[in-house]
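Hi,

Here is the structure I promised to pass on to you. Have a look at it first, and then read on for my notes on what turned up.

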Amino acid sequence: MRRTQLKNPELFPPKAMGRLIWPLMVEQLLAILIGMADTVMVSNAGEAAVSGVSLVDTLNIVLINLFSALATGGAVVAAQYIGRRDEKSACASAKQLMYASLALSVFLAAVAAFFHKPLLRGIYGSIDDDVMASAQIYFLLSAASYPFLAIYNSGAALFRSMGNSRVSMMISMLMNLINIGGNALLIYGFSLGAAGAALASLAARAAAALMITVLIVKPKYQIHIDALFRPELRWDMVRNILKIGIPNALENSMFQIGKIMTMGLVSAMGTAAIAANAIANSIAGISGIPGSAICLGVVTVMGQCVGARDYEQAVYYTKRLMALAYLCLAAADLLVFCFAGRLIPLFGLSPQAAASAEEILRVFALFNAAFWVPSFVMPAALRAAGDARGTMIISALSMWIFRVGCSYLFVFFGMGVQSVWAGMYVDWLVRGIVFITRFARGKWKKIRVIE
């Protein structure tokens with residue numbers, strides 16, 4: 001579709017789209033590279049430490065995704081208000097998002113702190129004692145960072161909703177530098193292992209929360225928060241945020257619970273399998289950089305288009321962003337396929353774990369390039385339009401039936417650690433087909449998040 005075919009002036013001309021998407025890609029690249037460096041540093045303390053951190057990170061994501069989903073709900077509401085040219089309401093919804101995110105994250109941090117031992121024993125009871133020791137200390141310390149991460153995620157989502165992703169990129173860069181510097185000091189310098197990794201993350205997230213708060217209260221930004229420390233509850237706005245946030249949180253939580261269940265399958269295969277799976281996940285994240293960035297950008301673009309009730313541009317930009325995602329993922333997956341064998345030795349795995357990780361990555365690169373985009377970019381567009389409940393139901397059913405079900409089936413047939421990855425590919429294929437069909441039918445155009 002040519003730009004001249006649009007009836008109305010473009011809401012996101014090429015320069016504006018570039019200012020939104022490219023900083024997001026840089027931000028995601030930094031997060032992945034620092035995450036890989038983090039894993040390499042932790043692996044210096046042995047396979048028990050890297051396995052413990054990996055297992056806890058899977059559980060952490062379940063909890064963190066709850067307030068990340070809330071931030072997405074706030075971003076959708078704010079973006080739709082901007083599209084409607086109602087900046088006053090956008091600012092008011094931003095304040096409600098900050099309050100709600102902080103309250104939820106404090107509650108989750110308290111739950112994780114008090115119940116970290118029974119949670120880990122209940123989920124990963126069969127793992128080795130040294131792996132469990134690393135997991136327990138890492139989980140306890142990382143829980144303390146939840147409120148700081150919630151504040152940062154909410155602020156970053158608000159800046160993205162107004163098309164200013166450069167701010168979140170710069171703060172993410174500083175946060176990751178603090179994290180890797182802290183890892184170097186605490187893991188290498190003080191030999192703290194998993195505890196050092198958690199303390200470094202805590203310091204980095206606290207700094208990011210402070211920086212994003214200082215910026216989001218400045219009136220010069222299109223969305224800003226007035227009198228942040230003056231309590232003010234707007235239940236109408238909270239309800240609008242929860243319309244998106246709750247289904248998104250449930251979707252993400254069920255997805256991560258399913259992932260934990262499949263991780264339980266891997267943990268029963270031994271420490272080498274756990275380590276191979278962890279390292280494969282870390283490297284596979286490279287190919288997800290452009291896709292994750294575009295998913296974040298879709299929330300802003302789709303949200304503003306729907307807020308303006310310009311559904312022609314909503315469809316137009318969704319197709320363009322999906323095409324861009326396919327091109328970028330194809331290039332990234334080619335790199336993963338070609339260089340997996342050279343990256344894996346950096347992690348100091350045993351020969352058995354290294355061989356398994358390389359096999360996982362080469363198969364992953366092929367399926368990721370084919371199936372990931374419609375499975376994730378399309379639901380991001382539907383969610384930004386307000387169709388959060390529909391995407392939740394589709395994702396949950398597909399995950400439980402195909403991802404979890406097929407993983408157990410493939411384990412039964414002796415596919416080993418590849419089983420959980422193969423189940424994921426089947427899930428992606430089914431989700432993609434259903435989401436494309438739902439988007440094409442256009443029922444999302446009748447949904448109203450803001451009145």
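**Helix H13 and its ends**

Helix H13 covers residues 388-412, and its 25 residues should span 36 Å at 1.5 Å a residue; the C-alpha atoms at its ends lie 35 Å apart, so the two values agree. Please keep in mind that this is a predicted model. H13 also has a kink of about 35°, and the kink is centred on Met-399.

Both ends of the helix have something to show. At the N-terminal end, Asp-387 acts as a cap, with a side-chain oxygen 3.5 Å from the backbone nitrogen of Gly-390. Just after H13 comes Gly-414, where phi is positive at about 80°.

**The largest pocket**

As you may want to look at pockets, here is what I have on this one. The volume of the largest pocket is about 230 Å³. It is lined by 11 residues, and those closest to its centre are Leu-29, Ile-286, Ile-289, Pro-290 and Ala-332. Three helices each give at least two residues to this lining: H1 (14-43), H10 (289-307) and H11 (311-343). What is the make-up of the lining, by nonpolar, polar and charged residues? There are 11 nonpolar residues, no polar ones and no charged ones.

**Helix H9 and the loop after it**

H9 (271-284) passes the same kind of length check as H13: its 14 residues should span 20 Å at 1.5 Å a residue, and its end C-alpha atoms are 20 Å apart, so the expected span is met. This helix is mostly covered, with 12 of the 14 residues buried. Among them are Ala-272, Ile-274, Asn-277, Ile-279, Ser-282 and Ile-283.

The loop between H9 and H10 holds Gly-288. Its relative accessibility is 18%, and therefore Gly-288 counts as buried, the cut-off being under 20%. The C-alpha atom of Gly-288 is 9.8 Å from that of Ala-369, a residue 81 positions away along the chain.

**A buried glutamate**

Glu-27 sits in helix H1. Is Glu-27 buried or exposed? Its relative accessibility is 4%, so Glu-27 counts as buried. The side chain of Glu-27 makes a polar contact with the side chain of Arg-160, at 2.7 Å.

**Positive phi outside glycine**

Most residues other than glycine have a negative phi. Which backbone angle stands out at Arg-85? Phi of Arg-85 is positive, near 65°. Arg-85 belongs to the loop between helix H2 (47-83) and helix H3 (87-124), and its relative accessible area of 61% makes it exposed.

Ala-227 also has a positive phi, near 50°. You will find Ala-227 in the loop between helix H7 (194-216) and helix H8 (235-267). With 32% relative accessibility, Ala-227 counts as partly exposed.

**Before the first helix**

Lys-7 lies in the segment before H1. At 75% relative accessibility, Lys-7 counts as exposed. The C-alpha atoms of Lys-7 and Asn-368 are 36 Å apart, with their positions 361 residues apart along the chain.

Happy browsing, and best wishes

Definitions and conventions:
Residues numbered from 1 in each chain as written. Predicted model: local features only at pLDDT ≥ 70, side-chain atom pairs only at ≥ 80, totals over all residues. Heavy atoms only, no water. Helix = DSSP H or I, 4+ residues; strand = E, 2+ residues; numbered from the N terminus. Expected span 1.5 Å × (residues − 1). Bend = angle between axes of the 7 residues up to and from the residue. Polar contact = N/O pair within 3.5 Å; in protein donor to acceptor, adjacent residues only side chain to side chain. 1 Å grid on protein atoms, 1.4 Å probe; cavity = no way out; pocket = protein on both sides within 12 Å on 5 of 7 lines; lining within 4 Å. Points joined across faces, edges and corners; volume = space filled by probe spheres on them. Nonpolar A, V, L, I, M, F, W, Y, C, P; charged D, E, K, R; others polar. Buried < 20%, exposed > 50% of the residue type's maximum accessible area, 1.4 Å probe, protein only.
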